[in-house]
Amino acid sequence: MTQAFDISLDALRARSFADPDAAATGAPATPRHSGGTFFLETFGCQMNEHDSEKVAGLLLSRGYRQVESPDAASLILYNTCSIREKAAQKLFSRLGEYRGREGEGRTIGVLGCVAQQEGEQIFQRAPWVSLVCGSASYRKLPELLSQLEAGNQRVTGLDTDTDETFETEVTRRDNPWRAYLTIIEGCDKACAYCVVPFTRGPERSRASGSVLEEVRQLAELGYSEVQLLGQTVNSYADPSSRQMRFSELLMAVAEVPGIRRVRFTTSHPRDFTPDIVLAIESQPKICNHVHLPVQSGATRVLKAMQRTYSREGYLEKIAMIRGARRPISITTDIIVGFPGETEDDFQQTLSLAEAVRYEGMFSFKYSPRPNTPARSMNDPIPEEEKSRRLAVLQERQRQIQTDGNSSLVGMAFEVMVSGKSRRENQWSGHTSCHRVLNFTSQERALLGTYVQVSVTSVGPNSLVGEHSS
Ligand code: SAM
Ligand code: SF4
């Protein structure tokens, strides 16, 4: 297994093919695309964002240069999402822009979930595409790129039958302070509405030693926050002989010198065990935020969704988290309008949201997806009714967040500063509990630092404050 490490954009650019060491990195001595440029657009979740960081690193290490516009690129890649119909449509609207422009000498590739879902059909719909590669085949990308560089017009990576994870020698990270790190790929759950098990393949975890080695390298490079990623991150199963539990891995990552914050997402309720809460309680570097998607408040719907827990079982997990000695904020995902969801079921979702009082929520209208059992279920809910339920839920949640945030006025939080506004003395960042805090400070160089901020006012989605020390 290769060791992953991070490298800055400048260092990668400097490592051109004139560099004799380039051969040692696996880069070809005289690539056809030497001096080539690439444009990479990403749709979808954080895992896609992070996959793109790895793909960009790989391309930079092969001598490509990243450009900001597709028109300036010789290689255009779209890393796609197919979780909902709308996300998948975006790809085809992008590809449509190249219809009739085959003679312009560009290579176009489709990566990610739509690539896996549509496979070679993409070549039929958009014959000007040359590469179609799903995320479970990213390990083969160097080989696929070599085939493209050799002039091959149709190159595919569509296997999902793998026990390997995508680890690269070079990752081009977009954020200089927070690093994403995938510890488990794929998904073995079988939620009736979801394409992920089909598009991302079976669950496979990365060895704890390799994760920790990468975290140490990240800390040496100056990253102070790491976010461990997985579709079901807490289903992590260390394949090495150490057999670290997920909570032990969290503790070990937090103990790496230089690391100040550890986040993780997304957690599956079934595998959310008390030792994870104990780890958050006992190690302040583990952020006090859990994203625990519930999807519905009605046991009947949860069963039809094959979510593997009931309303009551989920609420027990919530009680365990709310009972922690350190307050932990909880966010969730909810789908409204799943086939057969009655008004009573929907009311149960509203009452669950009231009971939990989530600090944040992503809510969606159910979208039928190919290759999922829910697609053939009867009793679809009309689109207008789905929209109505979504609006009602979002309004209720907005009120819950406004009320919850109001109780924070006067309190002080540590903020990792990640943004500077164009307005004088205005900064922004996240608290450990993952709230956005916009604040004023007379200091000049705060980006990437940790500061104490007192909350002076709030809105439903963010807090406002003043730098206090
Ligand atoms: N693995 C995570 C989990 O177990 O909840 C979620 C991964 S998925 C990328 C993110 C969210 O998209 C899900 O939690 C769900 O709310 C939503 N989602 C997935 N499939 C959907 C569909 N067919 N229609 C609407 N929303 C969907
Ligand atoms: Fe999709 Fe369910 Fe797996 Fe989450 S746990 S990725 S919702 S199948």
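These legends accompany four close-up views of a predicted model.

**View 1. The surroundings of ligand 1.** Let's start with the neighbours: 15 residues sit around ligand 1, and those that come nearest are Y193, Q231, Q295, D333 and S367. By residue class, this shell divides into six nonpolar, four polar and five charged residues.

**View 2. Polar atoms facing ligand 1.** Look here at three protein residues in turn. Q295 places a polar side-chain atom 2.7 Å from an oxygen atom of the ligand. With S367, a polar backbone atom is 2.8 Å from a nitrogen atom of ligand 1. Y193 also uses its backbone, with an N or O atom lying 3.0 Å from a ligand nitrogen atom. Ligand 1 taken alone exposes 560 Å², and the protein buries 91% of that area.

**View 3. Strands beside ligand 1.** Here you can follow two strands along the shell: strand 13, covering 329–336, and strand 14, covering 360–365. Each of them supplies at least two residues of the shell around ligand 1.

**View 4. Cysteines without a disulfide.** If you are hunting for disulfides, the structure holds zero. C81 takes part in none, and its nearest cysteine sulfur, that of C113, is 6.2 Å away. A disulfide here requires two cysteine sulfur atoms within 2.5 Å. C81 is also buried, at a relative accessible area of 11%. What about C133, whose closest cysteine sulfur is in C113? The two sulfurs are 12 Å apart, so they are too far for a bond. C133 counts as buried as well, with 0% relative accessibility.

Terms used: Residues numbered from 1 in each chain as written. Chains lettered and ligands numbered in written order. Predicted model: local features only at pLDDT ≥ 70, side-chain atom pairs only at ≥ 80, totals over all residues. Heavy atoms only, no water. Near = heavy atom within 4 Å. Polar contact = N/O pair within 3.5 Å; in protein donor to acceptor, adjacent residues only side chain to side chain. Areas by Shrake-Rupley, 256 points an atom, 1.4 Å probe, with all protein chains shown as cover. Helix = DSSP H or I, 4+ residues; strand = E, 2+ residues; numbered from the N terminus. Nonpolar A, V, L, I, M, F, W, Y, C, P; charged D, E, K, R; others polar. Buried < 20%, exposed > 50% of the residue type's maximum accessible area, 1.4 Å probe, protein only.
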